[in-house]
Every structure is written in C-alpha cells, then in structure tokens.
Amino acid sequence: MSLAERILSVVWLGAATLMFAASLGMPDASVRVFLDNASWSLAFWLSAYWAWRGWVKAPPGQRTVHTGLLLFALLVAVGQMVWNLQVALDWNPFPAPADAFFLLGGPLLAATVIRATFTRLSRDRAYPAALDFGGAVLAALAFTLVVYLPAEGVRSLAVGAVLVLYPAGFLTAAGVTALAIPTVGVRVTRSHLLVLAGLLGYGLSWMHWNLMVIGGQLQSGMWFNASFSLSAVALGWGARWLGFDTAEDADFRRRCDRVMNYVPLVSMTLAAITLVLLFLAPEGRAGVQALVLACCLLVLLLAALRQTIVVSLLNRLRTAEAAVLRNEEELYRVAHFDALTGLPNRRYFEDALERAVAEAARDTQGANRRVALLLIDLDHFKSVNETYGHRVGDALLSEVGQRITQLLAGQGLVSRLANDQFTVMLLRPASRTDLAQLAATLLEGLAQPWELSEVGAQYMGASLGISLFPDDSANSVELVRHAHSALHAAKSAARGSYRFYIEEFTEVTRSRLELRRRLHSALERGEFTLVYQPQLDQQRHTVGAEALLRWSVDGKAVPPDEFIPLAEEGGLIVPIGLWVFEAACQQVAQWRAGGWQVPVISVNVSTIQMREPGFAQALLALTARHGVPPAGLVLEITESQLLDESLYGIALDLKNAGFGLSIDDFGTGHSSLIKLRRLPVGELKIDKIFVRDIVHDVNDREICATVNALARTLGLEVVAEGVETQEQFELLVRMGCQRFQGWLFAPALTPALLAERWLQRAEAGEAATAGSVAPDGA
C-alpha cells in the first residue's frame, strides 16, 4: 500500500470514528441522526475504495471475485446515500427505496463467487458442489428465519419480503463465500476471514435493525449503530488484500475434500434442528412456517441428490478400478512384451538381466555363477523390408521369435531387443563349449528356409555375439556392450557365424567410433579424393571409367567398405555423395579443357541420397555449373535399392533428366523379370563375386552367361567387374559381355594417370562426353 493510500485511509477511518463517537454523547436527536448517517457514509465509501484498490491489484484470473466485492460495496454505499436523502426529506417508510440497493449487493456477490468457483471445477465435481451450496444456504436461511422473524407476524407482504430477503441475501453471500474456499482448495487467510466477518456483520446488523424498526425501538446514537461501520471496514479491508489462489498441496486438497464431504451432514442436521424449532414455535406464522418447511425439505432433497451423485461417481470409480485390475496383466504385457513377436521387450530384458547379474555377483561362493548373453542379429533383413515391404518383414520377425524359442527348448530367456535383434540370456551355463554348441544350433536353425505365404521360400541367416559375466564384463551394461562388439566381429568376419567376446573386439569398436567422429569433419578437412578405374570394350578401348571415393586419415587409407556404411548410418552419405558427384563433374570439365576426350563416367548413389527432396534437380544444377551434359554420366544404383517400389518414380525422373542408370552388383539382390523389365536402366554390372571364380566354378559361369543373355533380351549393356585374368576376360567375351573393368587392365588411378594412359586427345571442335562416379571401392 502506498503512503498516499495509507494517509487517506487513516484520515477517512478517523473521520468516521469521530462522527460515531460524537453521536454517542450528542443530546440533540437530529444531530445524532446526522452524525450516524455521516459515520455510515464515510465507512461505506471507505469500504468501496478499498474494494476498488483490491480490484485494481488483483490478477486477471481473480478479477471475478473482486468485481463482486466491489459491486457489493458500491451498492451499499449508494444505498446509504439514498437513505441519507430519505432522512433529509423526513421520509422513512419500511420498506424504503434504499432497501433495494442494500438487498441487491448480497445476490450479486454470491453470483460472482459462484461463477469464480465453478469455472475451476470439472463437471463431476461441479454437480455435487452445486447441491452442497444450495443445501447449506437453504439450511442456514431456514434456521435464521425461525429465530429471526417476529412471532406476532408482519403487517404486510412487502415487509415480510424485506425481512426475508435481508438474511437471504447476506447469508447467501457469506455461505457461498465460505464454501468456495474448501471447494476449490483456497488456503484461508486473514483477508478471507475479514470478508466473511463483514458479510455476516452486515446480515446480522440489518436483521436486528429491521426488527427494531418494526418494534419501534430504533434510536440514533446507539452503540449498535457502529456494527454497520465495523462490518463495512472489515469487508473492505479484507477485499483490499484478498487472494483466490488455489493451493497446489495435494494433502491440503484432500483435507478440503473431507471438509466438503461433511457439508451435507451439517446441512441436514441444521435443517432437523430448524424443524424442531419450527414446531415448537407459537402459531400465527403460517406463511413463514411454510417457507421454512419448504427450505428444510429442499435441504433434505438436495442432500439426497448429492449422495446419489456421489454414490454413482463411486460406482463408476469402482467399475473403472475393476477394469484396471482386469486389464493389469494386459497393461503389463504391453509395457514389457513386444507386440509383434510376443517376446519380452528391451525393458523386460534389461530389468531381468540386471537382476540376474546382481544375483550372480552376490553369489560369491557359487561354483558357477555365470550369466551368458547371446545377441542374435539377422543378416540382410533390411533388404527384405525394402524388397517385399514391412508386412513381410514383420511376418519374418514373428517366425524368427518362434523358431528361436523352439530351438532353445525352454533354455534361457528369449527377448526382442530391437528391430531384427534378439537376445538369449542363460543362467549358469555349463561351459563355453555348450554355449558354442547352442549358438551353432541356433544359427543352423535360423539358416533353414522360411516359408512366407506372400513370397514363398526365403533364406535368411543370422550372426551371433556371446559375452559372459563375470568373465568378460563387470556389470549388465558391459555385458550388453561386449555382446554387441562380438556380434559386430561376427558380421564383419563372415555372416552366419558366432563369436565370443574378446578385448580385441572392444578396440575394433573404439576404432569404429573414432572413424565415425573423424568422418564428420572429413569433407571440411579435404581428406576425400577421387580415383578412376577405366572400363574397356572387347577390343580393350576405353569406353568409360568409374570414379571411386578414397579417404585417408593421418596418411593412412581407410577401406571404403568401412567408412561408407558409417556414412550411411550417420546421415553423412548425402553431402559426401554430392561432393563426389560434383568432384567428378569438375574433373570431367578439367579433362575436356585440357584437350582430353572423356568417356562415360559412372557414379554410385545410395537410397538415402535418392530419397532427398529435389535430388534430380540438385544433380542437374551441378552438371550445369560445370558444363557437363547429363548424358555423359551414369548413376549406379545397387540392385536391392533400385527394386524398392518407392524409388521407381525417382529413377524415372533421373532417366528423364538425361542421366544413364546402371544396376550395380547385379545378382546379389532379389530381382524378378517383371520388375527388371520395368526399370528405366540401360546397363547391368555383374558383381565381382561371380566373376572371381568363373574359370573354375560352373555355377558362377552359368550365372554370368545367364545375366548376359538376359541383358541382350532386355536390350541392356553388361559391365563385368573384377576382371583379373585373361581367362576370365576371354570367357566373358564369348558370353557376349560388352564392357570390362578390373585389375587385368588397370587399378584405380589418379585423374592425371588415367588421362595419360587411357584417354585420347580430342580433335579440335569435338565435344567430349561425360562419365560416372561411385562412392565405393572396385
């Protein structure tokens, strides 16, 4: 409160007090009446001023209650001014015009408090609270009427109405204000008590005033007259500092709820007492008796309705609780079991593993306190999803879970750790030999063909990593991490195998993490270079070249099959792939500017790159920047990637943009003739694994011959990779292969060596053609 407000309040209050004190000892009755009215006027307007200051300072969310208090105080103050006018005119009827203002304040305040209260309640709580409010107010009103109204009756209906409305208005305002506090969980402060005291003081003062008017006992200059001023000061000062903040303390809110649960009982008790007093009262107040009786019956009815709603709510809660209990097992299953396979999920597995390791660690005297973890990962599962869709992949995962469970025959805990990773936890395994036999059994069982209804028989092997506690790990976290290291070693060495954890695997993992870290800054450091391996025709003339990405870290070359997967996993393949493409375009432009005749160049692109928005437009922009025609560039896409249905449209956009398209590593995917015929490609590249043993292996020879025949039928060119001997070259020529690439002719060369050894000088005015780039090794 500011200093000016304090001074004004003290002066105002002092003036009202002096006026009242002067009225007590003044002999002249007319002067006492003047001083009484002056004292009341000052007190009522001071109350209105404080209520206004409270309204100004109140937060927006609490303005409703303060608005009601301000309106109440203003109506009382205006009513007093009307009363002063009546006194000045010596016109004092009962009821009087001033009564209309005095009586209007209580209902308005009650309405604003009810609004502020019920906007904070949910529907389930609002109905019982409304019944509590109504029952309590009616019970208090009925009791008041019995003890308040004169026994001899009233002379007119208007007088009776005013006599009833005074307690009805003020006690209703006081009752709903008092009930609002526990209903919404507001902590009681001195301000709340002052407001309640002011309302009750107003109500009781006017009730006694009216009775004195009827009985002819009213006098000016009485001590009783100060009750109006005191009520006004209490209400105004309370309104000045009143807060209506809801408490956040859960215990306090529960205590408030318990208080509200007793309100119907208190209301019914008060109504019962009122009925007893009513029947003991003398006759002659039939109208009042009917009103009081109606109020009491309404109290009982509202209490019954309230209890009915509460019972209904309790029944709903019991029904909900029963449903929760019935579904508890299902909820637990949803939280701890995989929805697809029905196996325990990662959360269940981690909890069970931690408990098992902790128990084994405590069992220091046990002869065998080991915990074994077998981590199983399917080989090439991603290609199944890309080729046949996730529905087939989900069906395969479900069958994998069933097959692992059957193969274990009750041994250990099987769970699904991630997408295509499963775990087996074994307690107290007999020996590493037994674990090795079990791992071999699992891998052999998973390597058997899978009969999938939509695609027929499929072959899907797995790799397996094994770690043991306490042999390899000190806790459950290390046990899982070391199993992952062993699994990675198994997949790197030879898929379809298992590995036990050794410390060397951790070093490999750390090295892999370091490579991933260095890879993020490799482009900025300029650590990437491009080399080119020529492609020749049957007469050994240069007809193309493949650009290959190389990376050196601290002067040491990193194999592409190590860093390319890391780039794809980390999302770096997109900027790296664009750099490779632009570097190849720039090199083609440099060759042409140097007078070299540039053949077709090949570029490998990954699925991740192709899915980037505007991929074709980005490549066209790079070719335009360096003046290289798109027709001179061939984009190599692996077979499994290109067969993805979602990439058909992107491949067609690249073809329409002018780029040549080639299927890389043909024969290692899951091609079908129908899909192959639809692809907008002009070239197939036979994977080097088929070329390597073509001289000695009849099956590889037949595969290469079939690919060449198929390519001729579809009008496609064939490029054979990995040609290393003259015998391989001659066999491929007889099969009809048109283009060749491999160490028989040349390794990957720097741009200068390629131009010097394999390119020809362009004739004057002749346009050079463009070529292709791949971010992986030949």
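**Exercise 1. In this predicted model, work out where the salt bridge between Glu350 and Arg346 sits and how exposed its two partners are.**

Step 1: Start with the contact. The closest N and O atoms of Glu350 and Arg346 are 3.7 Å apart. A salt bridge needs a distance within 4 Å, so this pair makes the cut.

Step 2: Find the pair in the fold. Both residues belong to helix H12 (residues 346–362). They are four residues apart, which is about one turn of the helix.

Step 3: Check the exposure. Partly exposed covers the range between 20% and 50% relative accessible area. Glu350 has 38% relative accessibility, so it counts as partly exposed. Arg346, at 39%, counts as partly exposed too.

**Exercise 2. Explain what the salt bridge between Lys491 and Asp379 ties together.**

Step 1: Look at the distance. For Lys491 and Asp379, the closest N and O atoms are 2.8 Å apart.

Step 2: Place each partner. Lys491 is in helix H16 (residues 476–493), while Asp379 is in the loop between strand S1 (371–378) and helix H13 (381–388), so the pair ties together parts that are 112 residues apart in sequence.

Step 3: Is Asp379 buried or exposed? Its relative accessible area is 5%, so Asp379 is buried.

**Exercise 3. Describe the pairing of Glu514 with Arg517, then step back to the whole structure.**

Step 1: Glu514 and Arg517 form a salt bridge, with their closest N and O atoms 2.4 Å apart.

Step 2: These two are three residues apart in helix H17 (residues 503–519), so about one helical turn separates them. Glu514 is partly exposed, with a relative accessible area of 35%.

Step 3: Now zoom out. The structure has 20 salt bridges. Some residues link up in a network of them: Arg370, Arg432, Asp471 and Asp472.

**Exercise 4. Find out what lines the two largest cavities.**

Step 1: Count first. There are three cavities of 30 Å³ or more.

Step 2: Take the largest cavity, with about 80 Å³ of space. Its lining includes Val65, Leu109, Ile181, His192 and Phe244. Helix H6 (157–184) is among the elements giving two or more residues, and H6 gives the most, with three.

Step 3: Sort that lining by type. You get nine nonpolar residues, two polar and no charged.

Step 4: Repeat for the second largest cavity, which holds about 40 Å³. Helices H5 (123–148), H9 (250–280) and H10 (286–326) each supply at least two lining residues. This lining splits into five nonpolar, two polar and two charged residues. Asp132 and Arg306 are among the lining residues.

Note on methods. Residues are numbered from 1 along each chain as its sequence is written. This is a predicted model: local features need pLDDT of at least 70, side-chain atom pairs count only at pLDDT 80 or more; totals for chains, interfaces and linings use all residues. Side-chain values use heavy atoms; hydrogens and water are left out. A salt bridge is a side-chain nitrogen of Lys or Arg within 4 Å of a carboxyl oxygen of Asp or Glu. Buried means under 20% relative accessible area, exposed over 50%, partly exposed in between (1.4 Å probe, protein chains only). On a 1 Å grid over the protein atoms alone, a cavity is a set of points where a 1.4 Å probe fits but cannot get out, and a pocket is an open set with protein on both sides within 12 Å along at least five of seven lines; lining residues have an atom within 4 Å of a point. Grid points are joined across faces, edges and corners, and a volume is the space filled by probe spheres set on the points. Ala, Val, Leu, Ile, Met, Phe, Trp, Tyr, Cys and Pro count as nonpolar, Asp, Glu, Lys and Arg as charged, and the others, Gly among them, as polar.
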